[in-house]
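Reader: I'm at home at the bench but not with models. Could you walk me through how to read one?

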Amino acid sequence: MKIKKPIILFFCIILLCTHALLSQSEKSISLMVQWFPQAQFAGYIVAHEKGFYNEAGVDVTILFSDGTDSPLQEVLDKRIEFCTGWLSQTIKLRSENKPILNICQLLQKSSLMLVAKKESGIETAQDFKNKIVSNWGGDFSIQPIAFFQKQNIQPEVIPQSFRIDGFLVGAIDVTSAMYYNEYHKILQAGIDEDELVSFFFTDYDLNFPEDGIYCREETLQNEPEMCKTFIDATIKGWEYAFQNKEETLDIVMKYCREYHMQTNRSHQRWMLNAIEIAMTYKVEDDPNNWGILQKDDYYTVAEELLHQKLINTIPLYKEFYKDVAHER
Amino acid sequence: MKDEKVKVKRPLVRKLLLWIGLPLLLVYIIVILFTYFWSGDNALRQMKEYLFELTSHHASMLDGKFLKVSRASMGVADAIDEFSMPTKKELNALMKKKLSENRDIYGMATAFEPFAYNKMKLFSPYVYHSDNEILDVDLTLSYDYTLQDWFMIPKLLGTSYWGEPYFDESSAKILMATYSQPMYKNGKFIGVSTADISLDDLEREMNNIRIMAGHTFIITRTGTFIYHPIKEYMMNESIFSLAEEDDQPELREIGKKMIAGEQGITTFRDVTTGEKSWLVYSPIPDCDWSFAAVIPDKEIMKTVNSMVLKQIIIMVIGLFIILLAILWAAIGITNPIKRLLGFANRISKGDLDEKITGIRGHDEIHELVKAFNKMTYDLKHYISDLTAATKAKESVESELRIARQIQESLLPRIFPPFPDVEEFDLYARNIPAKEVAGDFFDFFMLDDDHIAIIIADVSGKGISAGLFMAVTRTLMKTVCVQGVPPADAMEKANIVLCQDNDACMFTTLFLAIYNIRTGHMHWTNAGHDEPIILSEDGSYRILKTFKDIALGINEFHKYHEGEAQLEIGDKMVLYTDGVLEATSPEQELYGEKRFLKILSENADKTLVEMLDVITEDLDGFQKDNQFDDITILLLKREK
């Protein structure tokens with residue numbers, strides 16, 4: 001059978017138009033995370049690399065902050081659509097009437113902690129007296145300050161760099177650490193867990209949920225479907241990451257190398273496991289429960305912020321948080 | 001003469017090899033096994049010591065390098081402490097001088113505490129190498145250095161501090177490590193003096209260090225690799241991260257020792273190869289880092305084994321040489337012995353003219369050869385002497401033989417002597433001993449009726465006895481004449497024999513003159529055994545005589561004469577002492593009793609038969625033990 005040329009041409013045009021329409025429907029958005037690539041962001045990276053975003057119809061560009069730029073400010077400045085951030089930061093912004101919305105609270109458990117070496121003679125927080133404690137600034141200092149107040153201690157606090165060298169060589173007695181990162185770096189510097197004394201803020205009623213996904217109010221208002229698609233694909237990414245850890249680590253390590261991160265696979269494995277702990281805290285392993293901002297956690301953070309006079313009023317929970325993942 | 005081949009069942013060479021070679025071989029096998037196990041350990045220990053030394057050496061070299069950098073920084077700190085605060089220009093000049101003096105220093109900074117330098121909030125001049133020139137810059141333009149570890153840690157510690165290496169993002173983008181020396185003025189902290197070392201140079205240097213077929217690495221005090229042949233490990237992995245990733249808690253323990261500044265050698269599973277390897281580590285004290293070498297166990301064992309193998313090869317060659325030496329020695333011993341054996345065989349065949357020559361040395365073998373040669377010589381002479389002696393003896397023996405022949409020829413040999421005479425029968429038999437003895441008998445007719453019968457035994461043996469007997473016999477023939485009484489004849493003979501008898505020889509002799517018609521006889525006896533008269537019925541009587549002394553002793557002796565009568569059928573038995581003194585091998589004497597018994601039992605037999613029986617009985621009794629002549633003479637009256 002011989003097909004006539006005009007007919008072929010017609011089908012070609014149809015095909016091209018369809019493709020163009022489909023392409024247009026794939027929305028290009030950007031997500032900025034707080035730091036360079038590491039397992040802390042494995043879910044997003046995996047969702048991107050495994051094509052979960054694309055499959056869901058969103059073209060996500062993941063941006064990594066180098067610490068000098070603020071992802072939240074990038075969102076507020078409308079340069080990007082989504083970012084990750086700590087609850088304490090965003091409650092402050094919200095209380096300043098910034099149109100920021102939490103649309104998915106992933107990490108349920110605070111990983112921030114204080115660590116001391118047993119050899120420095122520290123057993124309890126009361127032993128911090130006359131000891132040098134190092135803290136990161138900003139949002140990282142809220143829990144320690146609250147902790148010191150609760151413990152009624154006033155140790156000498158000095159600013160902390162991003163490295164733990166001061167603690168390792170004994171210049172600093174107590175250091176702040178993220179359980180998923182610095183804590184393990186201490187272990188990877190040859191100090192055993194039983195040589196350390198750890199103070200997890202969650203154990204002192206200071207559970208400040210950390211990484212959540214934020215966007216502007218208008219983003220959710222204008223494109224709720226896109227937001228839900230993005231969140232669902234993200235959760236799918238995390239689910240995949242925890243189920244396929246070694247593959248995830250392959251992907252994460254590839255990113256780390258690209259960004260010249262000074263890290264290693266076992267550290268990233270620790271981080272992935274620690275993130276999983278933080279993410280499944282209170283909400284079990286069921287991904288259907290993931291992304292919920294617990295009301296009591298919200299008020300724990302907000303009240304502490306109020307207490308430390310970092311905010312004047314507590315924003316309404318309902319206005320601050322939209323459970324996109326579980327909306328119907 | 002050619003040596004004949006001697007077949008030996010168990011040759012000495014084989015024996016020596018078995019006795020010496022085999023124990024030696026066993027000892028060697030034990031020694032070799034011992035060497036393999038013990039010497040292996042020993043070689044391993046030596047190897048460990050060597051690696052230990054080598055690693056220490058490299059660590060000290062590195063330490064020296066770091067020390068020079070830290071000294072430079074200390075120099076700057078000291079200068080600020082000593083003098084009044086230098087101007088910015090002076091400070092830059094001082095640092096640039098230090099920089100130019102030491103190419104290992106990449107850059108130097110003098111960072112002051114806020115308001116410590118001329119009331120300035122922050123002040124930190126920095127000089128650094130850029131291509132071929134030294135540039136200066138103010139760090140305050142880049143960042144707040146007071147929050148930096150290199151500033152804060154020495155300030156807090158109050159001591160100098162080698163910081164963890166980092167990628168210098170601000171200028172050269174190279175891996176650097178910074179030494180910080182806190183500065184004090186009037187006991188008050190005023191800032192730090194720093195010196196940076198480029199680890200890119202270190203990497204180049206480290207790449208040139210070869211320790212066997214292994215690799216080296218350096219870890220910092222946190223265990224982080226700042227040099228490793230796998231570039232990806234550098235700054236990313238620590239010895240502890242590898243221990244964790246490889247699930248090797250032992251490696252973590254090793255790492256803890258390393259960062260504690262310990263020195264050691266241990267085995268572990270190399271993470272990169274998965275092979276059992278040796279880890280030798282030594283601290284770099286100035287910066288609290290640790291230098292280590294990793295050598296695969298198989299490489300070490302290869303070296304160790306080749307050392308052991310060399311020893312074993314030398315031993316095997318030694319063993320071979322010793323076995324050859326034994327063989328050589330054995331042949332050296334057995335060859336002369338073989339020649340001696342052939343020699344001895346020839347000697348046994350009578351060849352005494354040969355002499356062994358060509359065996360050198362002064363050992364026992366040589367002495368044996370000498371002894372052999374002397375023995376042959378002596379034997380030869382002895383044999384020739386013996387031959388001569390034998391010849392002499394043979395000549396004497398032939399004389400004796402002649403004497404015996406003479407003696408035998410003197411005795412009557414034809415029996416019966418008088419076949420025509422019917423009145424009597426006479427038989428005699430002489431059984432001679434080996435030597436010539438002096439027995440003799442004789443009988444001769446004096447007239448038709450009378451016969452003289454003589455039996456005698458000369459004293460002594462040999463020729464002299466034979467000659468004395470011949471003389472006596474001739475004499476008796478001469479003196480016995482018809483009509484002369486036997487005693488007179490005996491006296492005459494005695495007188496002649498006594499004369500000139502210097503040898504003092506004598507003879508016993510019985511003489512009877514018998515009347516063949518009447519059976520009557522006259523007799524005289526010169527010390528001889530008395531005759532026996534035997535009747536036909538077996539009864540007998542001994543003829544009692546006057547036992548006068550033997551002839552040749554006393555020339556004046558008067559001999560007595562007696563008479564006797566033989567009835568028809570009676571036999572007179574004359575005999576010499578050889579009969580009664582015949583001795584058995586058991587030294588029993590034949591004796592009169594046995595003689596009389598055998599005579600009595602055979603009285604009815606003919607004279608020849610009787611003689612045969614007696615001879616047979618005597619032979620049976622004395623076997624080959626006859627010492628003396630035995631002579632028996634039988635006379636029977638027939639009518």
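Author: Happy to. A cavity is a set of grid points where a 1.4 Å probe fits but cannot get out, and its lining residues have an atom within 4 Å of a point. Keep in mind that this is a predicted model.

Reader: Okay, how many cavities of 30 Å³ or more does a search of the whole structure find?

Author: The search turns up 2. The largest cavity holds about 90 Å³ of space. Its lining has 14 residues, and B:F217, B:F225, B:L242, B:F268 and B:D270 are the ones nearest its centre. β8 (215–219) and α5 (239–245) of chain B are the elements that give two or more residues to that lining.

Reader: What classes of residue make up the lining of the largest cavity?

Author: You'd count 10 nonpolar, 3 polar and 1 charged.

Reader: And how much space lies in the second largest cavity?

Author: About 40 Å³. Its lining has 13 residues, with A:S134, A:Q160, A:S161, A:R163 and A:I172 closest to the centre. At least two lining residues each come from α7 (165–168) of chain A and α3 (149–157) of chain B. α7(A) gives the largest share, 3 residues. By class, the lining of the second largest cavity splits into 5 nonpolar, 5 polar and 3 charged residues.

Reader: Now pockets. Which residues lie closest to the centre of the second largest pocket?

Author: A pocket, unlike a cavity, is an open set of points. The second largest pocket has about 440 Å³ of space. Of its 19 lining residues, A:K117, A:L168, A:I191, B:R221 and B:I259 are closest to the centre. The lining of this pocket divides into 9 nonpolar, 3 polar and 7 charged residues.

Reader: Let's do strands. What should I look for in general?

Author: In a regular strand the side chains alternate between the two faces of the sheet. For a case here, take strand β17 (residues 520–526) of chain B, where 5 of the 7 residues are buried.

Reader: Which strands are joined to β17(B) by bridges?

Author: Strand β16 (residues 507–515) of chain B is one, running antiparallel to β17(B) with 6 bridges. Across that pairing, B:A512 stands opposite B:W523. Strand β20 (residues 562–565) of chain B is another, also antiparallel, with 4 bridges to β17(B). There, B:M521 has B:A564 as its bridge partner.

Reader: What links β16(B) and β17(B)?

Author: The two form a hairpin, with 4 residues between them. In the turn, B:G519 has a positive phi of about 80°.

Reader: And helices: how does the span of helix α7 of chain B sit against what is expected?

Author: The idea is to set the distance from first C-alpha to last against 1.5 Å a residue. Helix α7 of chain B (residues 297–348) has 52 residues and reaches 73 Å, close to the expected 76 Å. After α7(B) comes B:G350, with a positive phi near 100°.

Reader: Last one: is A:E74 buried or exposed?

Author: The cut-off to use is that buried means under 20% relative accessible area. A:E74 has 15%, so A:E74 counts as buried. This residue sits in helix α4 (residues 71–76) of chain A. Leaving aside neighbours within four places in sequence, A:E74 is in contact with A:M32, A:D69, A:R79 and A:I80.

Methods:
Residues numbered from 1 in each chain as written. Chains lettered and ligands numbered in written order. Predicted model: local features only at pLDDT ≥ 70, side-chain atom pairs only at ≥ 80, totals over all residues. Heavy atoms only, no water. Buried < 20%, exposed > 50% of the residue type's maximum accessible area, 1.4 Å probe, protein only. Pairing = 2+ DSSP bridges. Expected span 1.5 Å × (residues − 1). 1 Å grid on protein atoms, 1.4 Å probe; cavity = no way out; pocket = protein on both sides within 12 Å on 5 of 7 lines; lining within 4 Å. Points joined across faces, edges and corners; volume = space filled by probe spheres on them. Nonpolar A, V, L, I, M, F, W, Y, C, P; charged D, E, K, R; others polar. Contact = heavy atoms within 4.5 Å.
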